[in-house]
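Let's walk through this structure together, starting from its sheet and moving on to its core. Have the viewer open as you read.

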Amino acid sequence: MRILHCSDPHFDLSLKTIPWKKWFGKRAIGALNLLGGRGRYFDNAEAKIAALTRFKERYSVDLVLCTGDLTALGLTAELENAAELLAPLAQPPERFIVIPGNHDVYSGDVIRGDHFHLYFGQYMHTDWPQYAVDGPWPIVRLFGEHIAVIAVNSAKPNPFPWRSDGHIPPVQLEALEKILADPRLADRWIFVMTHYAARLADGTPDKPNHGLRNADAFIHACRSIERGAILNGHIHRCYRTPLKKEGLAIDLYCAGSVSMEGRECFWLFDVDARQMQVHRGGYDPDSGEFRIIETL
Ligand SMILES: [Fe+2]
Ligand SMILES: [Fe+2]
């Protein structure tokens, strides 16, 4: 089975179409970031996702996993726009899984209104609802005889604009441990998705105001996984971090951003009963196409 892991497309609407009245608090800061130039790095996100869809078809990808940050400010209009732009990549919907990033739940009203679920709920189905202890989380999906995907939510609204840290509620981590102990997962490759990075490229934790606050607890909860990977986004660079020294048999893969100008990347995993081969994908601006850059 061929699995593509992408992240952080950060589709944003033009400044004219964003409803100004909704710009308050943290969103105003987010908007200033965009005005200050951050947004221009994602100007061609729509073309990049179309190129990724062509790659998916060219390389016969079976399953696409997206670890969040679909928008800039998490406005309803942006979520609607992101859902429309992702729809071709998300075909068939049962072979696409997406989870929210911090930019998709920028403010509490998005969480309260459950806007993300409204637009992306069809890609957040779980095969094992008995383990969903925190809304839909954790999500468990089984594919064929060899693959299982588990998603936990680490994105939360942040009350202060200078903070963009995440946290996986302990109740989800407890459920994750129970899921991993379920004998039906024995012999499967297990891919655990969350938005925030438990470790940076050099193996250290991210800064408290930008990272996963309970990263150690999350890594500890994954200690029984014998084969598979931890998948995240949030850091806009692709990297792989071995977790051997933390006692884990699996590595962490950050998929960076699929659309950030000059840094476009993703991971591709070829998995069969016995082995996994990993490739890093990148974007060729001359041809406007994604391609495999290296095989690890
Ligand atoms: Fe991001
Ligand atoms: Fe993020």
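The paragraphs below cover the sheet, the core and one loop residue.

This is a predicted model, in which local features need pLDDT of at least 70, side-chain atom pairs count only at pLDDT 80 or more, and totals for chains, interfaces and linings use all residues. Residues are numbered from 1 along each chain as its sequence is written, while chains are lettered from A and ligands numbered from 1 in the order in which they are written.

Start with the open sheet of 6 strands, ordered β4-β5-β6-β7-β9-β8 with mixed pairing. Strands here are DSSP runs (E, at least two residues; helices are H or I, at least four), numbered from the N terminus, and two strands pair if DSSP finds at least two bridges between them. At the edges lie β4 (139-143) and β8 (238-242), each pairing on one side only. Further in, β7 (residues 228-232) runs parallel to β9 (residues 251-255), and 4 bridges join them. Look for Leu-231, whose bridge partner in β9 is Tyr-253.

Leu-231 also leads us to the core: among the 83 residues of the largest nonpolar core, Leu-65, Ile-150, Phe-191, Met-193, Leu-231 and Ala-255 touch the most other members. Such a core is a set of buried Ala, Val, Leu, Ile, Met, Phe, Trp, Tyr and Cys residues joined through C-beta atoms within 7 Å. Strand β10 (residues 265-271) gives the most to this core, with 6 residues.

Finally, find Glu-226 in the loop between α7 (215-221) and β7. Glu-226 is partly exposed because 13 other C-beta atoms lie within 10 Å (20 or more would make a residue buried, 12 or fewer exposed, with C-beta atoms placed from the backbone).
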